[in-house]
Amino acid sequence: GKMSLSMKEEYQPREPDDLSAFEGIPSDEWLTGKVVSTPKFGAFVEVTKGGATAQGLVHITQIQDGFVESVADVLSVGQEVQVRVTSVDMGAGKMSLSMKE
């Protein structure tokens with residue numbers, strides 16, 4: 001028989017993270033996260049809280065005070081960073097993070 005391989009998988013939306021553990025976190029509570037990727041609009045950071053792990057986005061404007069020209073200049077994948085949760089959208093499975101005080 002013929003077998004066909006497809007590379008389409010990466011376009012499928014991934015299972016949204018369970019953000020319920022992050023929903024009630026006050027925005028002044030700092031979490032330790034790890035940079036997973038650095039697209040040009042910010043950094044995706046993986047954070048863990050009480051056994052739950054999820055990815056959130058630190059928008060480029062939330063990385064540091066002042067202008068960031070390139071995220072990759074400031075952050076590198078695998079780097080440990082301190083972040084705080086600024087918003088959680090349970091419906092979309094999205095979490096916004098900030099690295100700014």
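This is a short dialogue on how to read the predicted model shown above.

Student: Before we start, what kind of model is this?

Tutor: It is a predicted model, where local features need pLDDT of at least 70 and side-chain atom pairs count only at pLDDT 80 or more, while totals for chains, interfaces and linings use all residues. Residues are numbered from 1 along each chain as its sequence is written, and side-chain values use heavy atoms, with hydrogens and water left out.

Student: Which helices and strands does the chain have?

Tutor: Helices (H or I, at least four residues) and strands (E, at least two) are DSSP runs, numbered from the N terminus. Here there are two helices and five strands, and from the N terminus on they follow the order α-β-β-β-α-β-β.

Student: How do the strands fit together?

Tutor: Strands of a sheet pair through backbone hydrogen bonds, either parallel or antiparallel. Two strands count as paired if DSSP finds at least two bridges between them. In this chain, five strands make a closed barrel in the order β1-β2-β3-β5-β4, with mixed pairing. Neighbouring strands of this sheet are turned by 55° against each other on average, direction ignored. For such angles, axes are lines fitted to C-alpha atoms, for helices over the stretch in contact, and angles run from 0 to 180 degrees between N-to-C directions.

Student: Let's walk around the barrel. How do β1 and β2 pair?

Tutor: They are antiparallel, with four bridges, and a hairpin of four residues joins β1 to β2. Lys-34 has Glu-46 in β2 as its bridge partner, and Gly-33 stands opposite Val-47 in β2.

Student: And what links β2 to β3?

Tutor: Eight bridges do, and these two strands run antiparallel. One example is Gly-42, which stands opposite His-59 in β3. The hairpin here has two residues between the strands, and Gly-50 takes a positive phi near 55° in it.

Student: Which way do β3 and β5 run, parallel or antiparallel?

Tutor: β3 and β5 run parallel, joined by two bridges. Leu-57 has Ser-96 in β5 as its bridge partner. Ser-96 is also the bridge partner of Ser-87. As for β4 and β5, they run antiparallel with five bridges. They form a hairpin with four residues between them, and Gly-93 in the turn has a positive phi of about 65°.

Student: Now the inside. How much of the chain is buried?

Tutor: Buried means under 20% relative accessible area, exposed means over 50%, and partly exposed is in between (1.4 Å probe, protein chains only). Of the 101 residues in the chain, 29% are buried. The chain exposes about 6900 Å², and carbon and sulfur atoms supply 49% of that area. Accessible areas come from the Shrake-Rupley method with a 1.4 Å probe; for residues, only the protein chains shown count as cover.

Student: Which residues have the most contacts inside the largest nonpolar core?

Tutor: In soluble globular proteins, nonpolar side chains tend to be buried together. A nonpolar core is a set of buried Ala, Val, Leu, Ile, Met, Phe, Trp, Tyr and Cys residues joined through side-chain atoms within 4.5 Å. The largest one here has 22 residues, and those with the most contacts inside it are Phe-22, Val-45, Ile-63, Leu-75, Val-83 and Met-95. The elements giving two or more residues to this core are β1 (30–37), β2 (42–49), β3 (52–59), β4 (80–89) and β5 (94–98).

Student: Can we look at Met-95 and Val-45?

Tutor: Sure! Met-95 lies in β5 and counts as buried because its relative accessible area is 3%. Contact means heavy atoms within 4.5 Å. Leaving out residues up to four places away in sequence, Met-95 touches several residues, including Leu-19, Phe-22, Val-47 and Val-85. On the same terms, Val-45 touches Val-35, Val-58, Val-81 and Leu-97, among others. The C-alpha atoms of Met-95 and Val-45 are 9.9 Å apart, although 50 residues separate them along the chain.

Student: Is Ser-98 buried or exposed?

Tutor: Ser-98, in β5, is buried because its relative accessibility is 0%. A polar atom of its side chain lies 3.1 Å from the backbone nitrogen of Lys-100. Ser-76, in the loop between α2 (71–74) and β4, is partly exposed because its relative accessibility is 40%.

Definitions and conventions
A polar contact is a pair of N or O atoms within 3.5 Å; within protein, one must be able to donate a hydrogen and the other to accept it, and residues adjacent in sequence count only if both atoms are side-chain atoms.
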